[in-house]
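Visitor: I have a fold on screen and want to learn how to read it. Could you take me through the features one at a time?

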Amino acid sequence: PRTPVPDMPNTKNQYHNLMLRIFTQSLRQLRINPTNPKQIAKGMTKHFLEFTGIKKEEVIEIIELARRFKKYGYPSNSLKGKIIALIFEKPSTRTKVSFISAIYKLGGEAVPLSSAELQLARGEPIKDTARVLSKYVDAIVARVLSHSTIVELANHSSVPVINALSD
């Protein structure tokens, strides 16, 4: 008998739980299929750019982790000493608050940045932003207008990049 693939989220609460699962697993260096060009893995740095190519077992593992968090609480030291940059080209209340609260609940520090606060607004190339942020933070979460932006960010980042939303 085949194991059913878990359903995709259809409520705000399920969406927030899914984002937390994705975030936590990404920071644990989720094993992403390196043959999939849409999921970039440079050296030991793993990025979570989209669901395409992720194995069913990995999705189930993410969901099980979220269930444990919900049942037993958050392991408050998982991100202790970690700084996570949050880039928002698109305004968002739920996504921003979900990531910030998850980072704090896991013991980390969030640095939310709007596109107006970054040099991107003044014409700095994405690759320069990726390189600079990589020197100061442990991961980058980005909600961007174009998927090509997240791909370029990941291509030039030495820390994990997590896609919070792209086109």
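Visitor: At what angle do helix H4 and helix H5 pack?

Guide: This is a predicted model, so read every value as computed from it. Helix H4 spans residues 126–136, and helix H5 spans residues 147–155. They pack at an angle of about 45°. Their axes are 8 Å apart.

Visitor: Which word describes that orientation?

Guide: Angles under 35 degrees count as roughly parallel, and 65 to 115 as roughly perpendicular. H4 and H5 are therefore oblique to each other. The crossing of H4 past H5 is right-handed.

Visitor: Which residues make the contact?

Guide: H4 contributes Ile126, Lys127 and Ala130. H5 contributes Thr149, Glu152 and Leu153. By class, the residues of this contact are 3 nonpolar, 1 polar and 2 charged.

Visitor: Now burial. Which residues of H4 are buried?

Guide: Buried means under 20% relative accessible area. In H4 that holds for Ile126, Thr129, Ala130, Leu133 and Ser134. Next, look at how they spread around the axis. They cover an arc of only 130°, so they sit on the same side of H4. Lys135 and Tyr136 are exposed on the other side.

Visitor: What covers the buried residues of H4?

Guide: The cover includes H5 and three strands: S3 (83–88), S4 (109–114) and S5 (139–143).

Visitor: Take Tyr136 from the other side. What is its relative accessible area?

Guide: Exposed means over 50%. Tyr136 has a relative accessible area of 62%, so Tyr136 is exposed. Now compare sequence with space. Tyr136 and Ala85 are 51 residues apart along the chain. Their C-alpha atoms are separated by 9.0 Å.

Visitor: Where are the buried residues of H5, seen down the axis?

Guide: Start with the list: His147, Thr149, Ile150, Leu153 and Ala154 are buried. They fall within an arc of 160°, so they line one face of H5.

Visitor: Does a single residue deserve its own check? Which value puts His147 where it is, buried or exposed?

Guide: His147 lies in H5. Its relative accessibility is 19%, so His147 counts as buried. The cut-off is under 20%. Then read its partners. Leaving out residues up to four places away in sequence, His147 touches Leu49, Glu50, Asn163, Ser166 and Asp167.

Visitor: What is the relative accessibility of Val161?

Guide: Val161 is at 0%, and therefore counts as buried. Its place is in strand S6, residues 161–165.

Visitor: Which residues does Val161 touch?

Guide: Again, residues up to four places away in sequence are not counted. Among the contacts of Val161 are Ile150, Leu153 and Ala154. Those three are also on the buried list of H5. Val161 touches Lys46, His47, Phe48, Leu49 and Ile140 as well. As for distance, the C-alpha atoms of Val161 and Ile84 are separated by 9.9 Å. Along the chain these two are 77 residues apart.

Visitor: Let's zoom out. How many helices and strands does the protein chain have?

Guide: The chain has 5 helices and 6 strands. Read along the sequence, their pattern is α-β-β-α-β-α-β-α-β-α-β.

Visitor: How much of the protein chain counts as buried?

Guide: Of its 167 residues, 43% count as buried.

Visitor: And what share of the contacts links residues 24 or more positions apart?

Guide: Take the contacts in the protein chain with a separation of 6 or more. Residues 24 or more positions apart account for 66% of them.

How values were computed
Residues numbered from 1 in each chain as written. Predicted model: local features only at pLDDT ≥ 70, side-chain atom pairs only at ≥ 80, totals over all residues. Heavy atoms only, no water. Axes fitted to C-alpha atoms, helices over the stretch in contact; angles between N-to-C directions. Helix = DSSP H or I, 4+ residues; strand = E, 2+ residues; numbered from the N terminus. Parallel < 35°, antiparallel > 145°, perpendicular 65-115°, else oblique. Left-handed = near helix turned anticlockwise from the far one by under 90°. Contact = heavy atoms within 4.5 Å. Nonpolar A, V, L, I, M, F, W, Y, C, P; charged D, E, K, R; others polar. Buried < 20%, exposed > 50% of the residue type's maximum accessible area, 1.4 Å probe, protein only. Arc of directions from axis to C-beta.
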